[in-house]
Amino acid sequence: MIDLLVVGGGPAGLATAVHAALAGLETVVAEPRPGPVDKACGEGLMPPAVRELAALGVAPAGQPFHGIRYLDAATGRCAEAAFRRGGGLGVRRTVLHAALAARAAELGVTVVPSRVTDVRLGPESVTAGGLTARHLAVADGLHSPTRRALGLHLPTPAGPSARYGLRRHYPLAPWSDRVEVHWSARAEAYVTPLGPELVGVALLTSDRAPFDEQLAAFPLLAARLAGGPGTPVRGAGPLRQRSRARVAGRALLVGDAAGYLDALTGEGLSVALACAGELVRCLREGRPEAYEQAWRRASRGYRLLTGALLWARLRPALAPRIVPLAARLPRAFEAGVNLLA
């Protein structure tokens, strides 16, 4: 019997597998798609994520960035803060996936091309996708079918607060060593340097409209991007997903499958990598039930800061004040950025 079966071979699942292999656990990853798998995301690794990857022996190629800049979409007024401890890294999703997959293979992790459709929990083992393991790590993404199969999914009310992400790449030289967050009345545009001649633009919005139509709400940014043809658009959402718990017997949820609030602060991968380590630590200690509290501790800062910023963003009277307030209170803005970094 294997020690750990990981459902989902994305970054969260592969990071969990790498942690497990480093801990001496026999690990198998079930992932039906051939890698590397692309998806809509901001592709900016904040400093904690860079440090977590380094601890795993993973060093993906990318473009360093050294802080965050908020800009008003119409006026260009801005607030910016530099990271005090280490830098971030803009990394193509496919490059990150390939680097994690290579490290997992180097450590002897087996990846099987299997789609898990059923899970059977027992007192001593878990059976899923025809494989039996002592424990199951569920890392199959935002809309995790395994979370639903385990009865852990909580529905999220539909409505104007539902948010979606759209991403496109542009073959342009980065014009800043910061990740830029442009704020319009109803959306944010994240500009991440990904290489010497590549930037990624991710839009977060509650509006269901094409990328170019939404980009028009950012005239200063749209003018900068006019010099480079964009790649096809990828989308994701609704972003907010809820889980009743992170533990069901011998099954533990990690990454987006564990529940997701929003991409506003760019901390999704940092939290996923940290929680992957906590999950394996709890298994090594023989206390899988302790993972719920470990997940809450590891994600608390993200949930509190992202929740507060999202609360303000969804209120028409407050949203236009976010950038001016950050510009007027530079020390507070810098403190908030470095709380995440």
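Here is a friendly chat about how a few labels are earned in this predicted model.

Me: Why is G130 called exposed?

Reply: G130 has a relative accessible area of 72%. Exposed means over 50%, so G130 earns the label.

Me: Thanks! Where does G130 lie?

Reply: You will find G130 in the loop between strand 10 (126–128) and strand 11 (131–138). As for L45, G130 is 85 residues from L45 in sequence and 35 Å from it in space, C-alpha to C-alpha.

Me: Now the helices. What makes helix 7 and helix 8 roughly antiparallel?

Reply: The axes of helix 7 and helix 8 (residues 291–313) cross at roughly 160°. Angles over 145 degrees count as roughly antiparallel, and therefore this pair gets that name. Their axes come within 9 Å, and the crossing is right-handed.

Me: Which residues make that contact?

Reply: Helix 7 brings V271, C275, E278, L279, R281 and C282, while helix 8 brings Y291, A294, W295, R297, A298, S299 and Y302. Sorted by class, there are 9 nonpolar, 1 polar and 3 charged residues.

Me: And how do helix 1 and helix 7 cross?

Reply: The axes of helix 1 (residues 11–22) and helix 7 cross at roughly 35° and come within 9 Å. This crossing is right-handed. On the helix 1 side the contact uses P11, A12, A15, T16, H19 and A20; on the helix 7 side it uses L269, A272, L273, A276, G277, L279 and V280.

Me: How many charged residues does the contact of helix 1 with helix 7 have?

Reply: There are no charged residues in it, alongside 10 nonpolar and 3 polar ones. Gly counts as polar, so G277 of helix 7 belongs to the polar class.

Me: What makes a residue such as Y291 part of a nonpolar core?

Reply: A core member must be a buried residue of a listed type, Tyr among them, joined to others through side-chain atoms within 4.5 Å. Y291 is one of the 89 residues in the largest nonpolar core, so Y291 is buried, which means under 20% relative accessible area. I68, Y70, L136 and Y291 touch the most other members. Helix 7 (residues 268–284) gives the largest share of this core, 9 residues.

Me: Which residues does Y291 touch?

Reply: Leaving out residues up to four places away in sequence, Y291 touches R246, V247, L252, L253, V254, C275, E278, L279 and C282. There is also a second, separate core of 15 residues, including L172, A189, V199 and F211.

Conventions:
Residues are numbered from 1 along each chain as its sequence is written. This is a predicted model: local features need pLDDT of at least 70, side-chain atom pairs count only at pLDDT 80 or more; totals for chains, interfaces and linings use all residues. Side-chain values use heavy atoms; hydrogens and water are left out. Buried means under 20% relative accessible area, exposed over 50%, partly exposed in between (1.4 Å probe, protein chains only). Helices (H or I, at least four residues) and strands (E, at least two) are DSSP runs, numbered from the N terminus. Contact means heavy atoms within 4.5 Å. Axes are lines fitted to C-alpha atoms, for helices over the stretch in contact, and angles run from 0 to 180 degrees between N-to-C directions. A crossing is left-handed if the near helix is turned anticlockwise from the far one by less than a right angle, and right-handed if clockwise. Angles under 35 degrees count as roughly parallel, over 145 as roughly antiparallel, 65 to 115 as roughly perpendicular and the rest as oblique.
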